[in-house]
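Student: Hi! I'm new to this one, could we look through it together?
Tutor: Happy to. Let's put it up and start wherever you like.

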Amino acid sequence: YKIQGIVESPLACTGNRWIFFPLPEPCEAMEQGLRDCCRSIRIGKILIQSDEETQRAKVYYAKFPPDIYRRKVLLMYPILSTGNTVIEAVKVLIEHGVQPSVIILLSLFSTPHGAKSIIQEFPEITILTTEVHPVAPTHFGQKYFGTD
């Protein structure tokens, strides 16, 4: 798998073609900053939680604009560890007509395992992350919300 670390141009959020999906709660706090930057962006919602017994990701809620199949998708997941949650989210997006090639996964931290599992399942997806490390930080939510 090829990991690229250079972005040559900024991501332009112009027009009404983009939709943003913050997966866990820490990402929802980033919505206002994104709305300030990209006023025309639409916000979709997907709530996915892991079953405590099986550790399988399960979709509990999903809300999309009716024309989602015509949009580009920014899927935000701050800490990519196993990739299971993202894989379930992408499956839901595909069920609603979104092509994997228009999905950009934004992640702050990724493990090699998580990134590889997503690319193996959906090789057309673009993953943007700030750091790839074998161990995912577990304190992100506590630090972000000041509850540590």
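Student: Let me begin with one residue: is Pro112 buried, partly exposed or exposed?
Tutor: With a relative accessibility of 30%, Pro112 counts as partly exposed. One thing to keep in mind as we go is that this is a predicted model.

Student: Okay, and which element is Pro112 in?
Tutor: Pro112 belongs to helix α4.

Student: What does Pro112 touch, if we skip residues up to four places away in sequence?
Tutor: Its contacts are then Val132, His133 and Pro134. The C-alpha atoms of Pro112 and Pro134 are 6.2 Å apart, although their positions lie 22 residues apart in sequence.

Student: You mentioned Val132. Where does Val132 lie?
Tutor: Val132 is part of strand β8. Like many questions here, this one has a surface side too: Val132 is partly exposed, at a relative accessible area of 37%.

Student: And which residues is Val132 in contact with, leaving aside neighbours within four places?
Tutor: Those are Ser110, Thr111 and Pro112. From C-alpha to C-alpha, Val132 and Pro112 are separated by 6.3 Å, while being 20 residues apart along the chain.

Student: Back to the helix. Which residues of α4 are buried?
Tutor: In α4, which spans residues 112-121, the buried ones are Gly114, Ala115, Ser117 and Ile118. Those four cover an arc of only 160° around the axis, so they sit on the same side of α4.

Student: Why would residues a few places apart point the same way?
Tutor: Because an α-helix has 3.6 residues a turn, residues three or four places apart point the same way.

Student: What's on the face turned away from the buried side?
Tutor: That face of α4 carries His113 and Gln120, which are exposed.

Student: And what covers the buried residues of α4?
Tutor: The cover includes two strands on either side of α4 in sequence, β7 (103-110) and β8 (126-132), along with β6 (79-80) and helix α3 (84-95).

Student: How do α3 and α4 pack?
Tutor: Their axes are 9 Å apart and make an angle of about 25°. Angles under 35 degrees count as roughly parallel, so that is how α3 runs relative to α4. The crossing of α3 past α4 is right-handed.

Student: Which residues meet there?
Tutor: From α3 come Val86, Ile87 and Lys91, and from α4 come Ser117, Ile118 and Glu121. Two of those, Ser117 and Ile118, are among the buried residues of α4.

Student: New topic: is Met76 buried or exposed?
Tutor: Met76 counts as buried, with 10% relative accessibility. This residue lies in strand β5, residues 72-76. Met76 and Leu105 are 29 residues apart in sequence, yet their C-alpha atoms are 5.9 Å apart.

Student: Zooming out, how many helices and strands does the chain have?
Tutor: There are five helices and eight strands. Starting at the N terminus, the order is β-α-α-β-β-β-β-β-α-β-α-β-α.

Student: How much of the chain counts as buried?
Tutor: Out of 148 residues, 39% do. As for contacts between residues at least 6 apart in sequence, 61% of them join residues at least 24 apart.

Student: Last one: what is the mean pLDDT?
Tutor: The chain has a mean of 79, and 73% of its residues reach 70 or more. Residues 5-12 have pLDDT below 50, and that stretch has four contacts in the model beyond near neighbours in sequence. Where pLDDT is low, the predicted coordinates should not be read in detail.

How values were computed: Residues numbered from 1 in each chain as written. Predicted model: local features only at pLDDT ≥ 70, side-chain atom pairs only at ≥ 80, totals over all residues. Heavy atoms only, no water. Buried < 20%, exposed > 50% of the residue type's maximum accessible area, 1.4 Å probe, protein only. Arc of directions from axis to C-beta. Contact = heavy atoms within 4.5 Å. pLDDT = per-residue confidence, 0-100. Axes fitted to C-alpha atoms, helices over the stretch in contact; angles between N-to-C directions. Parallel < 35°, antiparallel > 145°, perpendicular 65-115°, else oblique. Left-handed = near helix turned anticlockwise from the far one by under 90°.
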